[in-house]
Amino acid sequence: MFDTLHDRLAATFRDLRGKGRLSDADIDATAREIRVALLEADVALPVVKAFIAAVKERARGAEVSQALNPAQQVVKIVNDELVRILGGETRRLRFAKNPPTVVMLAGLQGAGKTTLAGKLALWLREQGHQPLLVAADLQRPNAVNQLQVVGERAGVSVYAPEPGNGVGDPVAVARGSLEHARAKQYDVVVVDTAGRLGIDADLMQQAADIRDAVQPDEVLFVLDAMIGQDAVVTAQAFLDGVGFDGVVLTKLDGDARGGAALSVAQLTGRSVMFASNGEKLQDFDVFHPERMASRILGMGDVLTLIEQAEKTFDAEQSAKMAGKLQSGEDFTLDDFLAQMQAVRKMGSFGKILGMLPGMGQFREQIDNLDERELDRVTAIIQSMTPAERAAPKILNGSRRARIARGSGTKVSDVNGLVDRFAEAQKMMRSLAGGGGMPGMPGMPG
Ligand code: GDP
């Protein structure tokens, strides 16, 4: 997402580098290139026009700056304008004074509502809330079941009509869920509603009826960022038909051009609040306009990276590990696996590296990075018995052959891992003697 836009803008800024001051002609040429870049990225025309006008005006009026050269000034102006069209400040979820807070999801079928319900639930749970998911999508035969599956994965309860109770009335289900939430002390209710493949009057009416029944604190419009220019029409239809308070962009991991993201907030006057960038429940975050802008401009997204890392390396686990090492206890294959999985939880290497400043240019190599090696190592360790994991010394030939069979690898893979682990263990021991472990994330030292 945003790759083309990023590349184009980077080229535009490169052309400016080395210029002592910008003439009107320079500014016009730059504005033209930015315009093309935005249009190619599928940003809606009215948004592009307003954007270019603002950039031009500010670039002409830019006072001579001691700190920034002209090229940097233009980057800064473009950055500021990007932040502005993305909604300015981060818009956080509003919680009701009297729980439960009711969040209703609306959007087309396939936009990612049900998946989002799970992501939102997990995210809420991580913040200490007690969310309840509500299956008010009774249109698609499998929708209730799908919500139950994501609810289970997120570890949250799902309120759904009793099976065999006829087709069911989504408005009644939604209303009933609130009573249930109050009785059982759930503090946030997330209502998943039905979508259609296209905009239709029945769909809007049903969503509006559910809205009237549950009086949501937040209506979130879920939008597939891959649908390009259609996004604007769809968003407008939902704004008129149901109304919404915020936008959630899904499938930002796709290779679409991303213009939807840049147009919708501006055209509807509603902020993008969350973004989804993958099918896993963890592939989800609060949307920060500033960070997104700097990502588009290639300044990296170090803040997001740091937050992600903090989320992953939880303090308790680190403390336990550090204590173990300090007391000279052996570093086992189980610890090794836990460390590896912690790194993995941060997302694919590609995603992590892509957030670092300056890494944009290596995107292709990064995307091809082989994660199968990590899968192999995980499979091998998981095929070992607890005793073997604790003391790999006991791994004789026949045990190694069994592990290779169990993990679908070759004995040479098992040998390779055991050797590498022995090296790591030796290093850990020598470090433990010195107290603290330089270079290990999340470790005090
Ligand atoms: P709904 O009809 O709006 O409830 O949409 P679903 O939640 O069923 O999602 C439709 C499809 O999109 C499913 O295959 C999801 O796995 C997929 N999906 C949802 N969110 C994302 C995302 O952020 N990235 C990607 N790549 N796929 C997603």
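How many helices and strands are there in the protein? I opened the predicted model and found 20 helices and eight strands.

**Entry 1: overall build**

I looked up burial next. Of the 445 residues in the protein, 38% are buried. I then took the contacts with a separation of 6 or more, and 75% of them join residues 24 or more positions apart.

**Entry 2: confidence**

I checked the scores before going into detail. The average pLDDT of the protein is 81, and 77% of the residues reach at least 70. Strand S1 has the highest confidence, at 96, whereas helix H16 (residues 363–367) has the lowest, at a mean of 50. For residues 434–445 I noted a pLDDT below 50; this stretch nevertheless has 16 contacts in the model beyond near neighbours in sequence. The ipTM of the model is 0.98 and the pTM is 0.69.

**Entry 3: the nonpolar cores**

Which residues have the most contacts inside the largest nonpolar core? I listed Val134, Val189, Val190, Val191 and Leu223, in a core of 99 residues. Helix H5 (residues 113–126) gives the largest share of this core, seven residues. I also asked where this core lies with respect to domain 1 and domain 2. Both domain 1 (3–85) and domain 2 (101–299) contribute residues, so the core lies between them.

I followed Val190 as one of the core residues with the most contacts. Leaving aside neighbours within four places in sequence, Val190 contacts Val103, Leu105, Ala117, Leu120, Ala121, Pro131, Leu133 and Val134. Apart from this core I found another, of ten residues, including Val377, Ile380, Val414 and Leu417.

**Entry 4: the shell around the ligand**

I counted 18 residues around the ligand, of which Gly112, Lys113, Thr114, Thr115 and Ser276 come nearest. Helix H5 supplies the largest share of this shell, three residues. Sorted by class, the shell holds twelve polar residues, five charged residues and one nonpolar residue.

**Entry 5: Ala235**

I placed Ala235 in helix H9 (residues 230–241). Why does Ala235 count as buried? Ala235 has 22 C-beta neighbours inside 10 Å, and the cut-off for a buried residue is 20 or more. Not counting residues up to four places away in sequence, Ala235 touches Phe221, Leu223, Val264 and Thr268. I took the pair with Thr268 further: Ala235 and Thr268 are 33 residues apart in sequence, and their C-alpha atoms are 7.4 Å apart in space.

**Entry 6: backbone geometry**

I searched the loops for unusual torsions. The peptide bond from Pro99 to Pro100 is cis, with omega near 5°. Pro100 belongs to the loop between helix H4 (70–85) and strand S1 (101–106).

I then noted Asp42, which is not a glycine but has a positive phi of about 80°. Asp42 sits in the loop between helix H2 (24–40) and helix H3 (45–61). Is Asp42 buried or exposed? Asp42 is buried, because 23 other C-beta atoms lie within 10 Å.

Lys251 also has a positive phi, about 60°, although Lys251 is not a glycine. I located Lys251 in the loop between strand S6 (246–250) and helix H10 (259–268). Lys251 has 24 C-beta neighbours inside 10 Å and therefore counts as buried.

Notes. Residues numbered from 1 in each chain as written. Predicted model: local features only at pLDDT ≥ 70, side-chain atom pairs only at ≥ 80, totals over all residues. Helix = DSSP H or I, 4+ residues; strand = E, 2+ residues; numbered from the N terminus. Buried ≥ 20, exposed ≤ 12 C-beta atoms within 10 Å, placed from the backbone. Contact = placed C-beta atoms within 7 Å. Core = buried A, V, L, I, M, F, W, Y, C linked by C-beta atoms within 7 Å. Domains from an automatic or database assignment. Near = placed C-beta within 6 Å. Nonpolar A, V, L, I, M, F, W, Y, C, P; charged D, E, K, R; others polar. pLDDT = per-residue confidence, 0-100.
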